[in-house]
Amino acid sequence: MTPYGSFSFFIIIAFLLAPAVILGLKGKKFHSYNIFATVIALAIIFSSSFSESVALIAFTIWQVLLIKAYIAYRKKANSGTVFCLAVIFSILPLTISKLLPYFNQSNWVGFLGISYLTFKGTQLIMETRDGLIKKDISIIRLLYFILFFPTISSGPIDRFRRFDKYMEAEITQEQYKLLLYDGINKIFRGFLYKFIIGYSINHYFIANLGFISQSSFQDHLLYMYGYSMYLFFDFAGYSNFAIGVSYIMGVKSPENFNSPFISRNIKDFWNRWHMSLSFWFRDYVYMRFIFWITKKKWIKNRNSISNLGYILLFLLMGVWHGLEIQYIAYGIYHALLMVLYNSFERFNKKHKWWPQNKFTHVIAIIITFHFVCFGFYIFAGQLIK
Amino acid sequence: MEFKNEVIELLAEICQDDVVKEDPNIDLFSTTLLDSFGTVELLVQVEERFGITVPITEFDRDTWNTPNNIAKQLADFK
């Protein structure tokens, strides 16, 4: 059963989480129940596909063994080679699952959510390397973090230390009331976004473009804006469900969207769109790459280092979406925009060519909006496929 | 106090703006004085000058947001 895909899913979740709500409202500990609920929910979600269930279990065992082994190793030594190998092993299942279709093989490695779960595993390896995770993590905590069902299919991507804080925290009755209220609020906002606005755009606008537009160009233009809006409402709606349900379970999953269409430049956009993903790439790819290059002093020019970092980040992000040409093109397009914007920002810092006022702010939002929509047009596979 | 001034001096170099000295409570991220690139430069310099290693994911933009707060956080790391 697809998470948040049908009303029957919501009804099942409502029954499943009713005991959690009662325990929470009484101010009692409820994480043990929530762990039990996660097992049941996973069984329901993956019940439709036996091969995906097997792949999920194998993937989880692989990640847990890898993380446990690396934490044990890191207590004694800290070799760069071992770290690199651990990262490669951690993304290996995802890589295989992306490559298998190109070898005409059935994808026995892949399952719903593999792209998102991989981030959690890799992140644990990296933070262990940094010395931020020192203690042995209990196997239950580790499994619960990786398999937390509200965010299993498409995020938001949480971080272990953040998630674990909610496991430790004592939630009072009053605090839980607020969490529950916010959670339900988010779920209903999700209904509005995904099932009313997103559905309407797709069903009444995009599906009827053939009748609405007079020319092929107009057709593509309207599709570009329609699809961009649909993508936002559909995904932001989904994210609201995932965040709302996790609130009800006492975990504040991170936000994924912050009004992305009022971004004033492309950098601002990536701080507002699919935030848990872009922040992941920022913290674990871009910043680490810059740090490494700067320390080794291989490249002197600050601008080139930063641009190389952006190219690496967005190419990886593109490939992560899929190996199809449109996703790679989407990555290259955003890398290019970031590089260009970076030069512009530098130029403007010197020459103060673009003044900061209300008028220029509005103009900047409008320009950014169109560049962003063109990106989604590429992403949709309309420009090249 | 001296350490704090050194940190603020370093921030002024990285942000290329003396406003961080005039207003040590200014939010460096919302004013775009500091971005991810600047943050990394800061962490590299902090390691070289003060010998303090701050892991990248420890640098949380909510608590490391102003010159004063950064100085405070770094002092805790010492």
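Here are some worked exercises on a predicted model of a complex with chains A and B.

**Exercise 1. Confidence**

Work out what pLDDT chain B averages and which of its helices has the lowest mean value.

*Solution.* Start with the whole chain: chain B averages a pLDDT of 90, and 100% of its residues score at least 70. Then go element by element. Helix α2 (residues 19-22) of chain B has the lowest mean pLDDT, 89, while helix α3 (residues 36-50) of chain B has the highest, 92. Finally, look at the scores for the complex, where the predictor gives an ipTM of 0.90 and a pTM of 0.94.

**Exercise 2. The contact between the chains**

Find how many residues chain B and chain A each bring to their contact.

*Solution.* Count each side in turn: 11 residues come from chain B and 14 residues from chain A. Next, sort the chain B side by class. The part of chain B that touches chain A has 6 nonpolar, 3 polar and 2 charged residues.

**Exercise 3. Domains of chain A**

List the domains of chain A, then describe how domain 2 of chain A meets domain 3 of chain A.

*Solution.* First, the division: domain 1 covers 49-161, domain 2 covers 173-260 and domain 3 covers 262-379 of chain A. Second, the spacing: the C-alpha centres of domain 2 of chain A and domain 3 of chain A are 24 Å apart. Third, the contact itself, to which domain 2 of chain A gives 12 residues and domain 3 of chain A gives 12 residues. Fourth, the classes: on the domain 2 side of chain A there are 7 nonpolar, 4 polar and 1 charged residues.

**Exercise 4. Helices α3 and α4 of chain A**

Decide whether α3(A) and α4(A) are roughly parallel or roughly antiparallel.

*Solution.* Take the geometry of helix α3 (residues 50-76) of chain A and helix α4 (residues 80-99) of chain A: their axes come within 10 Å and cross at roughly 170 degrees. An angle over 145 degrees counts as roughly antiparallel, so α3(A) and α4(A) are roughly antiparallel to each other. Now pick out the residues. From α3(A) come F59(A), W62(A), Q63(A), L66(A), Y70(A) and Y73(A), meeting V82(A), A86(A), F89(A), S90(A) and P93(A) of α4(A). By class, this contact has 9 nonpolar, 2 polar and no charged residues.

**Exercise 5. Two more helix pairs**

Classify the pair α2(A) and α6(A), and then the pair α13(A) and α14(A), by angle and by handedness.

*Solution.* Helix α2 (residues 31-46) of chain A packs on helix α6 (residues 139-147) of chain A at about 45 degrees, with the axes 11 Å apart. That angle makes α2(A) oblique to α6(A), and their crossing is left-handed. I35(A), T38(A) and L42(A) of α2(A) meet I140(A), Y144(A) and L147(A) of α6(A). This gives a contact with 5 nonpolar, 1 polar and no charged residues.

For the other pair, the axes of helix α13 (residues 302-321) of chain A and helix α14 (residues 325-351) of chain A come within 7 Å and cross at roughly 155 degrees. α13(A) is therefore roughly antiparallel to α14(A), and the crossing is right-handed. Among the residues in contact are Y310(A) and F314(A) of α13(A) and H334(A) and R346(A) of α14(A). The contact of α13(A) with α14(A) has 13 nonpolar, 8 polar and 1 charged residues.

**Exercise 6. Backbone details**

Locate the cis peptide bond that involves P156(A), and give phi of Y4(A).

*Solution.* Keep the usual pattern in mind: most residues other than glycine have a negative phi, and most peptide bonds are trans. The cis bond joins G155(A) and P156(A), with omega about 0 degrees. P156(A) lies in the loop between α6 and α7 (160-168) of chain A. Y4(A), a residue other than glycine, has a positive phi near 60 degrees, and Y4(A) sits in the segment before α1 (7-25) of chain A.

How values were computed: Residues are numbered from 1 along each chain as its sequence is written. Chains are lettered from A and ligands numbered from 1 in the order in which they are written. This is a predicted model: local features need pLDDT of at least 70, side-chain atom pairs count only at pLDDT 80 or more; totals for chains, interfaces and linings use all residues. Domain bounds come from an automatic or database domain assignment. Two residues are in contact if their C-beta atoms, placed from the backbone, lie within 7 Å. Ala, Val, Leu, Ile, Met, Phe, Trp, Tyr, Cys and Pro count as nonpolar, Asp, Glu, Lys and Arg as charged, and the others, Gly among them, as polar. Axes are lines fitted to C-alpha atoms, for helices over the stretch in contact, and angles run from 0 to 180 degrees between N-to-C directions. Helices (H or I, at least four residues) and strands (E, at least two) are DSSP runs, numbered from the N terminus. Angles under 35 degrees count as roughly parallel, over 145 as roughly antiparallel, 65 to 115 as roughly perpendicular and the rest as oblique. A crossing is left-handed if the near helix is turned anticlockwise from the far one by less than a right angle, and right-handed if clockwise. pLDDT is the predictor's confidence in each residue, from 0 to 100.
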